[in-house]
Structures are given as C-alpha cells and as structure tokens.
Amino acid sequence: MVDVRRARLADVPRMMPLLTGYAQRAEILLRTEDDVYRSIREWVVVETDYKIVGVGSLLIMWRDLAEIRSLVVSPAYQGCGFGRKMVELLLVEAKLLQLERVFALTRKPGFFLKAGFQLIRIERLPRKVRRDCVFCSIFNACDEVGVILSLKDVAIAGDVASSVAGNLNGSASQSFLPLNAF
Ligand SMILES: CC(C)(COP(=O)(O)OP(=O)(O)OC[C@H]1O[C@@H](n2cnc3c(N)ncnc32)[C@H](O)[C@@H]1OP(=O)(O)O)[C@@H](O)C(=O)NCCC(=O)NCCS
C-alpha cells in the first residue's frame with residue numbers, strides 16, 4: 001500500500017531523517033524539525049510499509065506564485081514515480097489555491113521538465129531572489145536551475161479536487177492530473 005498525501009504532525013519525526021540526510025549532502029537546504037512542524041500545512045509525503053519515503057513542500061511566495069521545495073525521495077524508492085506523484089499533488093494544491101505559477105530551483109531540472117515545467121532564469125523570479133537567494137552563501141556561485149509551470153494549462157478532474165480538498169488523501173495508483181494536462 002502506497003499513500004501520497006498531505007503530511008500530518010505525527011509524520012514529522014519520520015520525515016526528518018530523509019530531510020536531514022539530503023541536507024547533509026547539500027542536495028537541499030536544511031529544514032529543522034521546528035521549521036517542519038510550523039510549516040506542516042505546506043508538506044506532502046509518500047508513505048509505504050509504515051515508512052515515509054518521500055517528502056516535498058509548496059511554499060507560497062505571492063498571490064500568484066509558489067515554490068516547490070525540499071522535494072526528496074529515499075534513494076531505495078527513486079524511479080518508482082513517487083517524486084512525480086508528489087509534484088502532482090502539490091500542483092493540485094496550488095490549483096485549488098488559484099495560484100497561477102509554480103516554480104522550483106533545482107539541480108535535477110530533467111525531472112521537472114518531464115513533469116511539464118520549463119526552464120526560467122533565476123533573475124526572472126525577483127521575489128525569490130529578494131526573499132532567499134541574496135541571503136544564500138553561494139548566491140554568486142549558484143548551480144541551481146530555475147524551472148516553472150503555468151497552472152493555466154493544468155486541469156484537475158473534479159473528483160480529484162474534492163478528494164484532495166475533502167479527504168486530505170491521495171493514492172499512488174491514482175493519477176491526480178490527466179497526462180495531457182501539460
Ligand atoms: C529528483 C527526485 C525527487 C525524483 O524523484 P523520483 O521518485 O525518483 O522520480 P520519478 O520516479 O517520479 O520520476 C518521474 C519521471 O522523471 C524522470 N526523472 C527522475 N529523475 C530525473 C532526473 N534527475 N533527470 C531527468 N529525469 C528524471 C524519471 O525517469 C521519470 O520519467 P518517466 O515519466 O519518463 O518514467 C529524486 O531523484 C530525489 O529525491 N533526488 C535527490 C534530491 C533532489 O535532488 N531533489 C530535487 C530538489 S528540488
């Protein structure tokens with residue numbers, strides 16, 4: 001049984017080893033337990049065999065813009081479609097919030113391009129630059145790539161929207177977005 005769903009407070013202790021491990025390898029920014037508890041509404045998880053094997057979050061930047069950040073899948077579970085499912089769930093959340101665009105800064109642009117995102121120069125995301133990048137120690141040597149998706153082109157089936165909004169739950173066997181959405 002695989003569940004791709006919104007995170008719950010009780011998940012946090014099981015999310016932290018994944019987040020800390022990737023942060024120690026400098027693949028994502030460090031997220032503290034305190035930070036994750038306070039931002040729990042932003043998070044989705046993949047749970048299987050009573051383990052949290054994937055996490056990701058959607059941070060609202062402005063009325064029309066949000067960022068996917070801290071998206072990671074446990075190495076043993078990569079390539080199973082879990083990263084894609086989390087992105088899809090985050091996009092459903094973004095669509096329900098009537099956001100217009102979702103972006104990510106990543107060293108894995110190929111993954112996002114396969115999900116329908118397009119490349120964007122980081123300078124074209126001034127809110128992100130002003131809010132975070134200028135405070136980053138490697139701002140001038142940043143090796144991350146910007147990717148962005150317009151949600152205008154993404155349709156959500158009504159039953160999926162009500163499932164996400166009502167039951168706060170998803171299933172990995174269910175596709176949240178039609179394949180032709182992108
Ligand atoms: C990037 C990451 C989240 C992808 O998760 P995943 O569960 O392994 O990816 P999926 O199985 O959902 O892959 C979906 C599709 O993207 C492709 N894909 C996955 N990683 C890719 C990559 N690095 N480059 C290009 N394509 C990639 C897959 O082949 C698959 O393609 P398909 O639909 O044609 O079969 C995962 O590899 C990871 O945790 N990496 C380390 C942390 C990291 O860099 N996170 C990104 C921070 S923004």
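The residues of the shell around the ligand comprise nine nonpolar, six polar and five charged. The model is a predicted one. Its seven strands form an open sheet with mixed pairing, and helix α3 packs on that sheet.

**Ligand shell**
- The ligand is surrounded by 20 residues, and the closest are Q78, G83, R84, G110 and F111.
- At least two residues of the shell come from each of β4 (65-73), α3, β5 (101-106) and α4 (109-114).

**Sheet**
- The strand order is β1-β2-β3-β4-β5-β7-β6.
- The edges are β1 (2-6) and β6 (118-120); each has a single partner strand, so one side of each lacks a neighbour in the sheet.
- On average, neighbouring strands of this sheet are turned by 25° against each other, direction ignored.
- Strands β2 (residues 43-48) and β3 (residues 51-62) run antiparallel and are joined by six bridges.
- V45 has V55 in β3 as its bridge partner.

**Helices on the sheet**
- Helix α1 (residues 12-24) lies across β2, β3 and β4, at about 75° to β3.
- Helix α3 touches β1, β2, β3, β4 and β5, and its direction makes about 35° with that of β3.

**Helix α3**
- This helix covers residues 82-96, 15 residues in total, and reaches 21 Å from its first C-alpha to its last, close to the 21 Å expected at 1.5 Å a residue.
- Of the 15 residues of α3, 13 are buried, so the helix is largely enclosed by the rest of the structure.
- Q98, which follows α3, has a positive phi near 65°.

Conventions: Residues numbered from 1 in each chain as written. Predicted model: local features only at pLDDT ≥ 70, side-chain atom pairs only at ≥ 80, totals over all residues. Helix = DSSP H or I, 4+ residues; strand = E, 2+ residues; numbered from the N terminus. Expected span 1.5 Å × (residues − 1). Buried ≥ 20, exposed ≤ 12 C-beta atoms within 10 Å, placed from the backbone. Near = placed C-beta within 6 Å. Nonpolar A, V, L, I, M, F, W, Y, C, P; charged D, E, K, R; others polar. Pairing = 2+ DSSP bridges. Axes fitted to C-alpha atoms, helices over the stretch in contact; angles between N-to-C directions. Contact = placed C-beta atoms within 7 Å.
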